Amino acid sequence: MGEENCTTVTEFILLGLSDVPELRVFLSLLFLLIYGVTVLGNLGMTALIQVSSRLHTPMYFFLSHLSFVDFCYSTVIVPKMLSNMLGKENTISFLGCMVQFYLFCTCVVTEVFLLAVMAYDRFVAICNPLLYMVTMSRTLCVELVSGCYLCGTVCSLIHLCLALEIPSYRSNVINHFFCDLPPLLSLACSDVTMNELVLYIVATFNEVITIIIIFTSYLLILITILRMNSAEGRRKAFSTCASHLTAIVVLQGTILFIYCRPGSGSSVDTDKVTTVFYTIVIPMLNPLIYSLRNKDVREALRKLVGSKIFF
């Protein structure tokens, strides 16, 4: 690509998911519905955990932060995407693009580590129930959550600083529905090998570490479950672990597919469809998977609603 085609940019154009008007309207309504459920589910779950004393346990402390992070990174992407789909202009400023990427990356990395922490929490609760409240002290829980946010912030800053060093782009048209790093790097005029290498290394390292923690925890949980004498206890533990693992596999699988490939192994359209799952669908499903199937949450919600009705 010739140097004459390279220029600094002040704004980007986001092509979105489709340029077919009828499909854009349908997708807008669909994603608006999903976003509404996401906001209601995650903020509702966070509020319920705060006001219900029976949910003041380490497991729900982590769950409240997972719900908060889900709400945040869905909000970073979906409102702007809906605005672009329904409006005539699909633009986002350079600064807005960088901020969107930074906040999105922070939330996603934080969630990946939060899921690993939650898997460890379930391991302690099921394998060492008598020492659970002692082991998972309030101080340790705060330190673990703080570490998750710190990892998310640091990883995002690394990618952001490298992206800001790109001097010019051969085009300002991003073939995506938000400012993600891979499509942004594909537009750079300068050599972005270092950016791509750092992205691959950081993403792979985070994935490997968290997957080891998650699957080691659930393997030990499985061994403990199989040793249980109570059939009801085994059924309840299996049900909880299966739902948790479903959410983890979908999130981790899509992240591995998008960011941990050495090179462009699939089409841009495939990447966009895959990205929809962990940016839009997963934040909606997490409250359902982790919470509404939980007896304690249902009882707390029933008690809260009952007290409001009879107040």
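This report describes a predicted model of one protein chain, from its confidence to its sheet, core and aromatic contacts.

## Confidence of the model

The structure is a prediction, and the chain has an average pLDDT of 85. A score of at least 70 is reached by 92% of the residues. Confidence is highest in helix α5 (residues 138-164), at 95, and lowest in helix α10 (residues 295-309), where the mean is 69. Where pLDDT is low, the predicted coordinates should not be read in detail.

## The three-stranded sheet

The model contains an open sheet of 3 strands in the order β2-β1-β3, with mixed pairing. Strands β2 (91-93) and β3 (173-174) stand at the edges and each has a single partner strand, so one side of each is left without a neighbour in the sheet.

Strand β1 (residues 11-14) runs antiparallel to β2, and 3 bridges join the two. Within this pairing, Phe12 has Ile92 of β2 as its bridge partner, and Ile13 stands opposite Thr91 in β2. On the β3 side the strands run parallel, with 2 bridges between β1 and β3. Here Leu14 stands opposite Ile174 in β3.

The residues of β1 are divided between two faces. Phe12 and Leu14 belong to the covered face, whereas Glu11 and Ile13 belong to the uncovered one. Helix α3 (residues 94-127) lies across β1, β2 and β3 and runs at about 85 degrees to β2.

## The nonpolar core

The largest nonpolar core of the model comprises 96 residues. Helix α3 gives the most to this core, with 21 residues. The residues with the most contacts inside the core are Phe31, Phe104, Tyr278 and Tyr290.

Tyr278 has contacts with residues well separated from it in sequence: leaving aside residues up to four places away, Tyr278 touches Tyr73, Phe104, Val108, Asp180, Leu251, Thr254, Ile255, Ile258, Tyr259 and Pro283.

## Aromatic pairs around Phe104

A search of the whole structure finds 8 aromatic pairs. In one of them, Phe104 and Phe178 meet edge-to-face, at 4.8 Å centre to centre and with 65 degrees between the planes. Phe104 lies in helix α3 and Phe178 in the loop between β3 and α6 (181-185), so this pair ties together parts that are 74 residues apart in sequence. Both Phe104 and Phe178 are buried.

Phe104 also pairs with Tyr278, in a tilted arrangement with 6.0 Å centre to centre and 40 degrees between the planes. This pair links distant parts of the chain, since Phe104 is in helix α3 and Tyr278 is in helix α9 (residues 268-292), 174 residues apart. Phe104 and Tyr278 are both buried. One aromatic cluster is formed by Tyr73, Phe104, Phe177, Phe178 and Tyr278.

## A buried aspartate

Asp70 is located in helix α2 (residues 58-86). Its relative accessibility is 0%, and Asp70 therefore counts as buried, the cut-off being under 20% relative accessible area. Residues up to four places away in sequence aside, Asp70 touches Asn42, Glu111, Pro283 and Asn286. Pro283 is also among the residues that Tyr278 touches.

Technical notes: Residues are numbered from 1 along each chain as its sequence is written. This is a predicted model: local features need pLDDT of at least 70, side-chain atom pairs count only at pLDDT 80 or more; totals for chains, interfaces and linings use all residues. Side-chain values use heavy atoms; hydrogens and water are left out. Two strands pair if DSSP finds at least two bridges between them. Helices (H or I, at least four residues) and strands (E, at least two) are DSSP runs, numbered from the N terminus. Contact means heavy atoms within 4.5 Å. Axes are lines fitted to C-alpha atoms, for helices over the stretch in contact, and angles run from 0 to 180 degrees between N-to-C directions. A nonpolar core is a set of buried Ala, Val, Leu, Ile, Met, Phe, Trp, Tyr and Cys residues joined through side-chain atoms within 4.5 Å. Buried means under 20% relative accessible area, exposed over 50%, partly exposed in between (1.4 Å probe, protein chains only). Rings of Phe, Tyr and Trp (its six-membered ring) pair if their centres lie within 6.5 Å; planes under 30 degrees apart count as stacked, over 60 as edge-to-face and the rest as tilted. pLDDT is the predictor's confidence in each residue, from 0 to 100.
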